[in-house]
Amino acid sequence: MPKTCPTCDTTYPDSLTFCPKDGSGLRAVDARDDLIGEVIAERYLVTDLLGQGGMGMVYLAQHVRIPQQAAIKLLKTTRGADPAQGARFRQEAEAASRIAHDRVARVYDFGTTANGDPYIAMEYVPGRTLRSMLDERGALDPGEAAQILYMIAEGLDAAHRIGILHRDLKPENILVQQLRTHGELAVVLDFGIAKLMEDPDSNKAPNPKLTTAGMVCGTPEYMSTEQARGRTLDARSDLYA
């Protein structure tokens, strides 16, 4: 499929990734929902689709300058979309980027594509979700379950220590990686509706336009009673989930 340069508007064959004239990342002439084969932000070559949902897609990408893979979470925006949606997406990037722990997928970058769609570039963790494990195997062995829960708790503790709540913890947001020597590694994903806990000693308050009092966000099956009622939350709500 032919590609075009967004800078000089020259058309090139599909085999090229960058414009020979100005070095810009080429885009497919025929706009598609998937971006496989295209370069995002001049540095992430999209190689595969990892998953998709109602709000967007997650792609596997290769950094074009260094030997590093990344998971690219793309929010598909439409004309007339709620501006707060993009703001919440930015909040996810900002919140997750502050958490430095092996049990939380690290966020490297945030920006917008040439089409104006916001994206987050995060650590790629090869594995499968805890939901897929449960669907395939049913109840886990108690020892294995305890080990996975302990690792999830470590990731949450790292977030809670810097005042960040997840608010949507569920099996779909836990990636489990099979390790060659140490069994399994569980990693917490998706701080999409994360919220900064109120800190009386901090001058930075949560954005009231994104998560107001009485606003209910999350997955009903895993909500604490306080969260379902739209009340002020603390770390115990994540622990309940």
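# Working through a predicted fold

The protein chain exposes about 13300 Å², and carbon and sulfur atoms supply 51% of that area (accessible areas come from the Shrake-Rupley method with a 1.4 Å probe; for residues, only the protein chains shown count as cover). This is a predicted model, so to speak with its own house rules: local features need pLDDT of at least 70, side-chain atom pairs count only at pLDDT 80 or more, and totals for chains, interfaces and linings use all residues. Residues are numbered from 1 along each chain as its sequence is written, and side-chain values use heavy atoms, with hydrogens and water left out.

## Exercise 1: Confidence

Find out where in the protein chain confidence is lowest and where it is highest.

Step 1. Start with the average: the protein chain comes to a pLDDT of 79, and 74% of the residues score at least 70 (pLDDT is the predictor's confidence in each residue, from 0 to 100).

Step 2. Go element by element. Strand β14 (residues 195-196) has the lowest mean, 60, and helix α3 (residues 142-161) the highest, 95. Helices (H or I, at least four residues) and strands (E, at least two) are DSSP runs, numbered from the N terminus.

Step 3. Flag the weak stretch. Over residues 199-214 pLDDT stays under 50, and the model has twelve contacts there beyond four places in sequence (contact means heavy atoms within 4.5 Å). Where pLDDT is low, the predicted coordinates should not be read in detail.

## Exercise 2: The six-strand sheet

Work out which strands stand at the edges of the sheet of six strands.

Step 1. Get the inventory: the protein chain has five helices and 14 strands.

Step 2. Write down the order. The open sheet runs β4-β5-β6-β7-β9-β8, with antiparallel pairing. Two strands pair if DSSP finds at least two bridges between them.

Step 3. Read off the ends. β4 and β8 stand at the edges, each with a single partner strand, so one side of each is left without a neighbour in the sheet.

Step 4. Check the β4 end. Strand β4 (residues 39-40) is antiparallel to β5 over two bridges, and V39 has L45 in β5 as its bridge partner. Their hairpin has three residues between the strands, with A41 at a positive phi near 55°.

Step 5. Move on to β5 and strand β6 (residues 56-63), which are antiparallel over seven bridges. V46 stands opposite A61 in β6, and Q52 stands opposite M57.

Step 6. Finish at the β8 end. Strand β8 (residues 107-112) is joined to β9 by five bridges, running antiparallel; F110 has I120 in β9 as its bridge partner. This hairpin has five residues between the strands, and G116 in the turn has a positive phi of about 90°.

## Exercise 3: The aromatic pair

Classify the pair formed by the rings of Y44 and Y119.

Step 1. Set the rule. Rings of Phe, Tyr and Trp (its six-membered ring) pair if their centres lie within 6.5 Å; planes under 30 degrees apart count as stacked, over 60 as edge-to-face and the rest as tilted. By this rule the count comes to one aromatic pair.

Step 2. Plug in the geometry. The ring centres of Y44 and Y119 are 6.2 Å apart and the planes sit at 70°, so the pair is edge-to-face.

Step 3. Place the residues. Y44 is in strand β5 (residues 44-52) and Y119 in strand β9 (residues 118-123), so the pair ties together parts that are 75 residues apart in sequence.

Step 4. Add the burial: both Y44 and Y119 are buried (buried means under 20% relative accessible area, exposed over 50%, partly exposed in between, with a 1.4 Å probe and protein chains only).

## Exercise 4: Two histidines

Decide whether H63 is buried or exposed, and do likewise for H166.

Step 1. Take H63, which lies in strand β6. H63 is buried, with a relative accessible area of 13%.

Step 2. List the surroundings of H63. Leaving aside neighbours within four places in sequence, H63 is in contact with R43, Y44 and Q68. The H63 side chain also reaches the backbone nitrogen of R65 at 3.1 Å and that of I66 at 3.5 Å.

Step 3. Turn to H166, found in the loop between β11 (164-165) and β12 (174-178). H166 is buried too, with a relative accessible area of 0%.

Step 4. Look for a partner: a polar atom of the H166 side chain lies 3.4 Å from the backbone nitrogen of L169. The rule for a polar contact is a pair of N or O atoms within 3.5 Å; within protein, one must be able to donate a hydrogen and the other to accept it, and residues adjacent in sequence count only if both atoms are side-chain atoms.
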